[in-house]
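Student: I'd like a close look at one part of this protein, please. Could you walk me through how its charged side chains pair up, and then show me what lies around them?

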Amino acid sequence: LGNLGNIYCSRGDTEQGQAYYRDALTLARQLGDEWRIIEHKLNLGIEADIAGQLQEAVAIYEEVLIRVEKLGGLAQRVRTHMLLGIVYIKLGDYPEAERCLKECLSLARNDNLRAHLISALPSLADLYLRQGQHAHAESLLVEAEKLAQDTGARLAEVLPEIYRNWALLRLEQGDLAAALTSIDNSLK
């Protein structure tokens, strides 16, 4: 059911996808499977975020964070902090976004969760770009791009976001040629 939810949401039928997530969540609760509950709640949070239901997404992620901390799931804890940080950026709550993203990065660095680190670095860079902190954003983008290229991990997923942020940074710096190159790289 969870996989069907993923497929339907990916195809744009979020109503049907969320129905599958809710059905899967009901079964996970009946089975007492805490990890599946977390997984399906995260999916519902992501869909709430995409739909612009940001307060609902925050509530879901905060509930997931409590569950994950009880179970000791580090990777899910890192992911949840990242998702919360992204939603807080959208809400304009930059201090809370920074707190969540820094916690995410700290946990990922401490346990060498490179894939999570590669995904989280551009999010914190995005926050710093929005605040005009170009030097901080640039150092994070350098690190993210190097890690992504060194590991080859999910390049199709992470590099477009890294290059999008590079384009924004270069635009802020007035380097239109470099911004265009970054946009082209993102599209590729």
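Student: Which residue forms a salt bridge with Lys146, and how far apart are the closest N and O atoms?

Tutor: The partner is Asp150, and the closest N and O atoms of this salt bridge are 2.6 Å apart. A quick word before we go on: this is a predicted model, where local features need pLDDT of at least 70 and side-chain atom pairs count only at pLDDT 80 or more, while totals for chains, interfaces and linings use all residues. Residues are numbered from 1 along each chain as its sequence is written, and side-chain values use heavy atoms, with hydrogens and water left out.

Now, what counts as a salt bridge here? It is a side-chain nitrogen of Lys or Arg within 4 Å of a carboxyl oxygen of Asp or Glu. The general idea is simple: side chains of opposite charge can pair when their charged atoms come close. Lys146 and Asp150 are separated by about one helical turn because they sit 4 residues apart in helix α8. (Helices, H or I with at least four residues, and strands, E with at least two, are DSSP runs numbered from the N terminus.)

By this rule the count comes to 15 salt bridges, so let's visit a few others. Arg67 and Glu63 also meet through their side chains, at 3.3 Å from N to O. Both lie in helix α4, and again the spacing is 4 residues, about one turn of the helix. Glu63 is partly exposed, with a relative accessible area of 29%. On this scale, buried means under 20% relative accessible area, exposed means over 50%, and partly exposed is in between (1.4 Å probe, protein chains only).

This pair belongs to something wider: Glu34, Lys41, Glu63 and Arg67 are linked in a network of salt bridges. Look at Lys41 in helix α3. Lys41 counts as buried, at 11% relative accessibility. If you skip its neighbours within four places in sequence, Lys41 is in contact (heavy atoms within 4.5 Å) with Leu25, Arg29, Ile60, Glu63 and Val64.

Other bridges reach across the chain. Lys90 forms a salt bridge with Asp49, and their closest N and O atoms are 2.6 Å apart. Lys90 is in helix α5 and Asp49 in helix α3, 41 residues apart, so this pair links distant parts of the chain. The two ends have their own surroundings: Lys90 is partly exposed at 46% relative accessible area, whereas Asp49 counts as buried at 9%.

What about the nonpolar side chains? In soluble globular proteins, they tend to be buried together. The largest nonpolar core here has 52 residues. (Such a core is a set of buried Ala, Val, Leu, Ile, Met, Phe, Trp, Tyr and Cys residues joined through side-chain atoms within 4.5 Å.) Those with the most contacts inside it are Tyr61, Leu84, Leu121, Leu124 and Ile162. Among the elements giving two or more residues to this core are α2, α3, α4 and α8, and α7 gives the most, with 9 residues. Take Leu121 as an example: not counting residues up to four places away in sequence, Leu121 touches Leu105, Arg109, Leu140, Glu143, Ala144 and Leu147.

Back in α8, where we began, you can also find Ala148. Ala148 is buried, with a relative accessible area of 0%. From Ala148 to Leu117 is 31 residues in sequence and 9.5 Å in space, C-alpha to C-alpha.

Next, the cysteines. A disulfide needs a pair of cysteine sulfur atoms within 2.5 Å, and by this rule the count comes to 0 disulfides. Cys100 is in no disulfide, and its nearest cysteine sulfur, that of Cys104, is 9.2 Å away. Cys100 is buried at 0% relative accessible area, and Cys104 counts as buried too, at 1%.

One last stop is the loop between α6 and α7, where Asn112 lies. Most residues other than glycine have a negative phi. Asn112, though, has a phi near 55 degrees, a positive value in a residue other than glycine. Asn112 counts as exposed, at 56% relative accessibility.
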